[in-house]
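Hello,

Here is the structure for you to take over. Please open it first, then read the notes below alongside it.

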Amino acid sequence: MLKPPKGMTDYLFEDAEKLEWIMERIRNVFIRFGFRPFVTPALERFEVLSAKGGLGEAVKDEIYWFEDKSGREIALRFDHTMPLARIAAAHPDLKRPIRRYCIGRVWRYDNPQRMRKREFWQADVDIVGSESVFADVECVGAVCQALREIGFSGFRVRVNNRKLIESAVRVFTDDVRTVFRIIDKLDKIGPEKVRDELSGVCNAESVMRLISLRGEPEKILSQLKGEGKQEILEFFSLCRRYDIPAVLDLSLVRGLEYYTSLVFEIDAGEGVSFGGGGRYDSLIGIFGRPEPATGMSIGVTRVFEALKDSVERRRIFVAVTDTELAEKAIDVCAKLRSAGIPCEYEVCGRNLKKQMEYADRTGACTVVILGKKELEKGQAVVRNMINGKESTVSLDDLPNALQE
RNA sequence: GCCGAGAUGGUGUAGCGGUUAGCACAAGGGCCUGUGGAGCCCUUGGCUCGGGUUCGAAUCCCGAUCUCGGCCCCA
């Protein structure tokens, strides 16, 4: 009754502050990379969402959808890429390339489990209208920089090209889809089980040898035939300029129908992915004139789970020694607020001891105490709640004294 | 959609057929009408929900819901 719906979470105070801090950081980096925001509806027409990858009615099992009161089929967006594709097709007037970011909630009707919720946040960057690898590396570079500024450094960007792996696998079997689905599980179930499953479909040893190639891209690619090698090499040559920790990984597949060329995944270690993306040159054509596009997305909720420490907030509590001074506290708060300092005062009329306890429990770093004696001299007591030290400061200097 | 393990105040737990359902922390108040994180005292608040077995169910059985893990799927 009092719980949120299945697979959804309330984020209170510290958690919400952490979540918002993460999104602020990401947004800040995206803006610095010259991306601009789209804000799109949480709801889309079902036909728009089902168009993706030709999944059709099957996506109904995996997303939230319903009929509205007029019998229209409506669904909650499950990523930010479909709305982008819709908009790109609807607005041929928008100057290309479209560089847009979008940070917001998405919903999927999955069964919740580890690292998997029904409502979560994604932070996307996309570039529509460029077929160049520069567009891919720009998106990946922005995402890597955002993760670094949140405080992560141990991640790797796994890189593959669907064209390459597809033509390489096609040598052994026509059933590329099944083979992709199996090798995509490599991280999860390990090489032995992948080999077992592959042996029912094709020459398992050959495919295993293919996907376990590691090392310098030039060396690996020189052993392979097929399309898509050039994009990979160009991508790796540009990575250094962005400080992208890229590794070529032929076992990375990501999605079955959706991506057309380069694909990426942020590998945070221990099988956890912080996000991914790739090139989807055929998607927008479903809605209108075909045009190339690439994008990358951060799973904000997963980043949140991985970030253990909560974020420090500088908050100030203005206490009064006597309820008669409550109105004076409003004036002091107003002064601090206009100086950009987050603060609050006592709105329950409790005594000083209770005010101090409240300030302590809610994590205020400083308490400004307004007492009659000091106010007569235009002063107030400033108490540092971390070390308990107090000093007397004139009201005019208060914003400066609290600025640090 | 499928499989497994769970569910006791806000949180963490004890109880495992008959208890006034215990404890700790948190929350509200007091000892203390100019000082928090210590102490003492008081208060509020609980057996996830529905059925069944039984004289009697938090406890046993069935179902639902939710949580956690796994499968399917992962856009």
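**The five-stranded sheet**

Ile-369 stands opposite Val-381 in E15. That pair sits where strand E14 (residues 366-370) meets strand E15 (residues 379-384). The two strands run antiparallel, and 4 bridges join them. Please note that this is a predicted model.

E14 and E15 belong to an open sheet of 5 strands. Its order is E13-E12-E14-E15-E16, and the pairing is mixed. Strand E13 (343-345) and strand E16 (390-394) stand at the edges. Each has a single partner strand, so one side of each is left without a neighbour in the sheet. On average, neighbouring strands here are turned by 25 degrees against each other, direction ignored.

A helix packs on this sheet: H13 (residues 352-361). H13 touches strand E12 (316-320) and E14. The direction of H13 makes about 175 degrees with that of E12.

**The whole chain**

Chain A has 15 helices and 16 strands. Its C-alpha trace spans about 90 × 55 × 45 Å along the principal axes. The radius of gyration of chain A is 27 Å. A compact globule of 404 residues would have one near 22 Å.

**The eight-stranded sheet**

There is also an open sheet of 8 strands. Follow it in this order: E1-E5-E6-E11-E10-E9-E7-E8. The pairing is again mixed. At the edges are strand E1 (36-37) and strand E8 (246-248), and each pairs on one side only.

Inside the order, look at strand E6 (residues 119-128) and strand E11 (residues 293-299). They run antiparallel and are joined by 7 bridges. Val-125 has Met-296 in E11 as its bridge partner. In a regular strand, side chains alternate between the two faces of the sheet.

Helix H3 (residues 81-90) lies across three strands of this sheet: E5 (98-107), E6 and E11. H3 runs at about 35 degrees to E6.

**Three short strands**

E2, E3 and E4 are quick to check. Strand E2 (residues 43-45) pairs with strand E4 (residues 73-76) in the antiparallel sense, over 3 bridges. Leu-43 stands opposite Leu-76 in E4.

Strand E3 (residues 65-67) also pairs with E4 in the antiparallel sense, over 3 bridges. Here Trp-65 stands opposite Ala-75. E3 and E4 form a hairpin with 5 residues between them. Gly-71 is in the turn and has a positive phi of about 80 degrees.

**Helix pairs**

Two packed helices are described by the angle between their axes and the distance between the axes. Three pairs follow.

Start with helix H4 (residues 133-150) and helix H10 (residues 229-242). Their axes come within 9 Å and cross at roughly 40 degrees. H4 and H10 are therefore oblique to each other. The crossing is right-handed. From H4, the contact takes in Val-133, Phe-134, Asp-136, Val-137, Gly-141 and Cys-144. They meet Glu-231, Glu-234, Phe-235, Leu-238, Cys-239 and Tyr-242 in H10. The residues of this contact divide into 8 nonpolar, 1 polar and 3 charged.

H4 has another partner, helix H1 (residues 13-32). The axes of H1 and H4 come within 9 Å and cross at roughly 140 degrees. That makes H1 oblique to H4. This crossing is right-handed too. H1 brings Ile-22, Arg-25, Ile-26, Val-29 and Phe-30 to the contact. H4 brings Ala-142, Gln-145, Ala-146, Glu-149 and Ile-150. The split is 7 nonpolar, 1 polar and 2 charged.

Last come helix H7 (residues 186-199) and helix H8 (residues 204-211). Their axes come within 8 Å and cross at roughly 150 degrees. H7 and H8 are therefore roughly antiparallel to each other. On the H7 side, the contact is made by Leu-186, Pro-191, Arg-195, Leu-198 and Ser-199. On the H8 side are Ala-204, Val-207, Met-208 and Ile-211. These residues divide into 7 nonpolar, 1 polar and 1 charged.

Best wishes

Terms used. Residues are numbered from 1 along each chain as its sequence is written. Chains are lettered from A and ligands numbered from 1 in the order in which they are written. This is a predicted model: local features need pLDDT of at least 70, side-chain atom pairs count only at pLDDT 80 or more; totals for chains, interfaces and linings use all residues. Two strands pair if DSSP finds at least two bridges between them. Two residues are in contact if their C-beta atoms, placed from the backbone, lie within 7 Å. Axes are lines fitted to C-alpha atoms, for helices over the stretch in contact, and angles run from 0 to 180 degrees between N-to-C directions. Angles under 35 degrees count as roughly parallel, over 145 as roughly antiparallel, 65 to 115 as roughly perpendicular and the rest as oblique. A crossing is left-handed if the near helix is turned anticlockwise from the far one by less than a right angle, and right-handed if clockwise. Ala, Val, Leu, Ile, Met, Phe, Trp, Tyr, Cys and Pro count as nonpolar, Asp, Glu, Lys and Arg as charged, and the others, Gly among them, as polar. The radius of gyration is taken over C-alpha atoms; the globule rule is 2.2 Å times the number of residues to the power 0.38.
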